[in-house]
Each structure stands twice: as C-alpha cells, then as structure tokens.
Amino acid sequence: MTVVAPEGYKIQTVETLPSYLVTKLPPELELGGAPESWEVKEVGDGNLNLVFIVSGSRKTIVVKQAVPYVRAAGEGWPLPLTRAFFEFHGLVEERRFAGSTVPEAYFYDDQMALFAMEFLSPHVILRKELIAGKKFPNLAKDIGSFLAHTLFNTSDLGMDPAEKKELVQRFCVNSDLCRITEDLIFTEPFFDAPRNNWTTPQLDDTIKAIWNDAEIIQVAMKYKLKFMSEAQALLHGDLHSGSIMVTEAETKVIDPEFGFYGPMAFDIGNYIGNLFFAYYAQPGHRASEAEVEDYQAWLLGQVTETWQVFEATFRKLWTEKQVGEAYPRILYQDGTHGEALLNAAQDDFFRSLFIDTLANAGLEMHRRIIGFAGVADFKDIEDADLRAGLEKRALKLARQLMVAPESFSGFADVNAYAKQC
Ligand code: SR1
Ligand code: MG
C-alpha cells in the first residue's frame, strides 16, 4: 500500500509545531505568550499516532497527528492519514451524545492530518491505574452511561433514519482501520499469522490447540461477518482501558480513531474483555493474596455494574424516545398494546446483545494474548511462567464466552465462571 499524503503534509516535531499552530489556532484557543515560549512535549505511547502537549502561559492543548504508517511497527506497515479525520469527528459525535465523558475537540486540519483537543489533567490512562490497583467510584456509571448514550442515539432506535444514513456514509469509509480490526481481532489470532506474538514457549501448546479448534474459528468468523456488515450504531471501535482516562471523580473516553458503524456488542464486549484481562493479571501486580482478592472483586463488580448501568440507561432512552424509526413510537408508546409489548421487545434485544457482548469480549481476550497488540496488563509481568499461567486462565474464560455464551444468564453467572477458570 502506498500512502498519498496531501500536498504540504509534514510530520510535525516539537520544534516545528508552534510555528504551524500559530497560523491555524482559532482565536478562542489563544495559548498565551509568544509561540517560541510555548512548551511542547511529544508524549504518544499508543500504536498509531504522534501526540503533543502544547502549553502557553494561558492554556494547554493536545495535538494529535497521524503519520503515514503504524507508529508501533514503523514504515514497513503503511497506514493512510485519514484516521485523524475519523478521530476528530468521532470525538465530536460522541461528545454530542455522551457530554462531558468525552473531551472537547477544537479543530481539524486535513492537510496536516492533525487535530487539537482538550488537555486532560490530572487524568491518567485507566489501564495504568488498573495495573496499579486503584479503584474509581464513578467508572462503571460513566462507561455504562457513555455506551448507552452513544450507541442508542446513533442507532435507528434513537436517531432519525436520514441523519443516521448520513452518519453511516461519513464513517463507513474508515476502511483501513476497520481492516486492522478485521485482521488483528477476528482472523490472525486463529492461525499461525506472522504478526502474532505470545508468551513462548509456555503457551505454544495452548495456542496450537486454538488454531485446531474448529468451534472457536466458526464463532470468530460469525462475529467477523457481523462486525463487517451490521451498521447498527456509531462505535468507538477501540474501547479498551487504554482509551479511557480517569481521575477519582471523572472518566473521559479518548481515541475514537477506529470509529465506524458496526454492531453495538463490539464496543461493550471490548471493554468488558479488558476488565476480565485486568482481573486475571492481578496476581502479577499485587503484593499479597488478600490484595489480589480485594481488587479482583472490585473488577468483577465493575463488569456487573457497567452492564447494569448500560442496560438501565439504554432502556430509559428507548422508552422515552421521540425519534428513531426502529420500534417506532406509533406502535410501542402510542399504540394499543401497552407497555408489555415494549418490555418484551427490549428483553429480547438485551438478551441478544448480552450474548454477542460475551462473544466479542472473548475475541478481544484472545487477540490480546495471541495477536500483534498485546497489552501491559500481562506484558508487564516479567515472570514468564507466572504470566503464561494467568494468560491460560484468561483464555479458558475467553473460549467459554465465545463458544457457549448462551449458557450464561447474566454477569453474575459469568463472574462465577471467571473465578473457577
Ligand atoms: C496496529 S494498531 C494495533 C491496535 O492498537 C489499537 O489501539 C487497536 O486496538 C489496534 O487493534
Ligand atoms: Mg487508540
């Protein structure tokens, strides 16, 4: 693949960014002081982009720029610059529906494949905090609510059909980032792909068994097709604990560059899969058994509460909806059937969504252990034997979530199973 950059595109550095910004910043973003005096740091540690923090005497902002390749892999893995467009517009749409759980996006520049957004301080990436064993009283409420508001309001349940189709059109061309997900989550973990990367030799036999597991491969392909073809809601597309920043009081969802129209269960399952990940990794990070147990109980509580808040909020939005032609008001709220019909429709919807959420959580767990994009929860455990033992437990739950999601009646059941693995 050859990436064609817009004319004038230049990869920014801490030295070049101030003189570029000074010509572009809207007046309300006056940072204060001369550009030469601004402090600029490059802090990106994600897989894809450059991330700068730019501070003047009055204000600090974050600037993100796409480079024409996958940052974590280098120039050998080219990647189009359009992801900056999708991340900027993803932030705008999510903030429209989920309010302050999403940072404000200020401006986007197509030529430089770059945008500016709110600087979050003292917020820290959730994954780091889960590894450090910190608890956040508002996390489940905020993420459950974020999921309900973004997914309901961008779907045919809660959005006018013409507006929804326009949004589908805008986001459906995020094909390069979708392709990464299609490859890295749904396909590569299930065969001996060159980019895979696991704890070897400890997990070799376990992983070979997965490649020979016809049942799991069929489930992965069933959900890959759903991912590729069900334009149900505008997804964040990469909702893991590295895409969330937290303080004691606040939760902010960042990084929606993988945003596109897909099945709701993908976002919810991604997040839940990452909570289970953190759960299994705890013995590698806590000093005592008692601390492990205490924090694991908190994490399982997060799983249950996130789903409860999501479901309750989504049900309320649906019951009170004014627009959205799926399950229209004329039949369900204003019709002659009373609330029983609506309740039955909602029960059926949430049961299917629950099952699909479990399968997607299982997929996310497989790919983080077998595939290209491992995460610090496990990677930071230096003792490879300990790490592999914990990863095997995670894979046991992940398989059950994929091949037998119908066997679970709710998250209490799933959590009980998770403890046995
Ligand atoms: C090449 S990108 C690898 C992973 O990083 C992103 O955060 C997504 O999770 C993607 O799958
Ligand atoms: Mg990201």
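**Exercise 1. Sort the residues lining the largest pocket by chemical class, then work out where the pocket sits.**

Step 1: count the classes. The lining of the largest pocket splits into 25 nonpolar, 12 polar and 12 charged residues. Keep in mind that this is a predicted model.

Step 2: look at the middle. Of the 49 lining residues, Asp-45, Gly-46, Asn-47, Gly-242 and Asp-255 lie nearest the centre of the pocket. Its volume comes to about 1,200 Å³.

Step 3: find the top contributor. That's helix 6 (residues 175–187), which gives the most to the lining, with 4 residues.

Step 4: place the pocket. Domain 1 (16–118) and domain 2 (124–420) both supply lining residues, so the largest pocket lies between them.

**Exercise 2. Describe how the two domains meet.**

Step 1: get the spacing. The C-alpha centres of domain 1 and domain 2 are 27 Å apart.

Step 2: tally the contact. Domain 1 puts in 27 residues and domain 2 puts in 31 residues.

**Exercise 3. Pick apart the largest nonpolar core.**

Step 1: find its best-connected members. The core has 126 residues, and Val-54, Phe-310 and Phe-314 touch the most other members.

Step 2: see who supplies it. Helix 12 (residues 339–370) provides the largest share of this core, 14 residues. At least three residues come from each of domain 1 (16–118) and domain 2 (124–420).

Step 3: zoom in on Val-54. Skipping neighbours within four places in sequence, Val-54 contacts residues including Leu-17, Leu-21, Leu-31, Trp-38 and Ile-61. The charged residues Glu-39 and Lys-59 are also among the contacts of Val-54.

Note on methods: Residues numbered from 1 in each chain as written. Chains lettered and ligands numbered in written order. Predicted model: local features only at pLDDT ≥ 70, side-chain atom pairs only at ≥ 80, totals over all residues. Heavy atoms only, no water. 1 Å grid on protein atoms, 1.4 Å probe; cavity = no way out; pocket = protein on both sides within 12 Å on 5 of 7 lines; lining within 4 Å. Points joined across faces, edges and corners; volume = space filled by probe spheres on them. Helix = DSSP H or I, 4+ residues; strand = E, 2+ residues; numbered from the N terminus. Domains from an automatic or database assignment. Core = buried A, V, L, I, M, F, W, Y, C linked by side-chain atoms within 4.5 Å. Buried < 20%, exposed > 50% of the residue type's maximum accessible area, 1.4 Å probe, protein only. Contact = heavy atoms within 4.5 Å.
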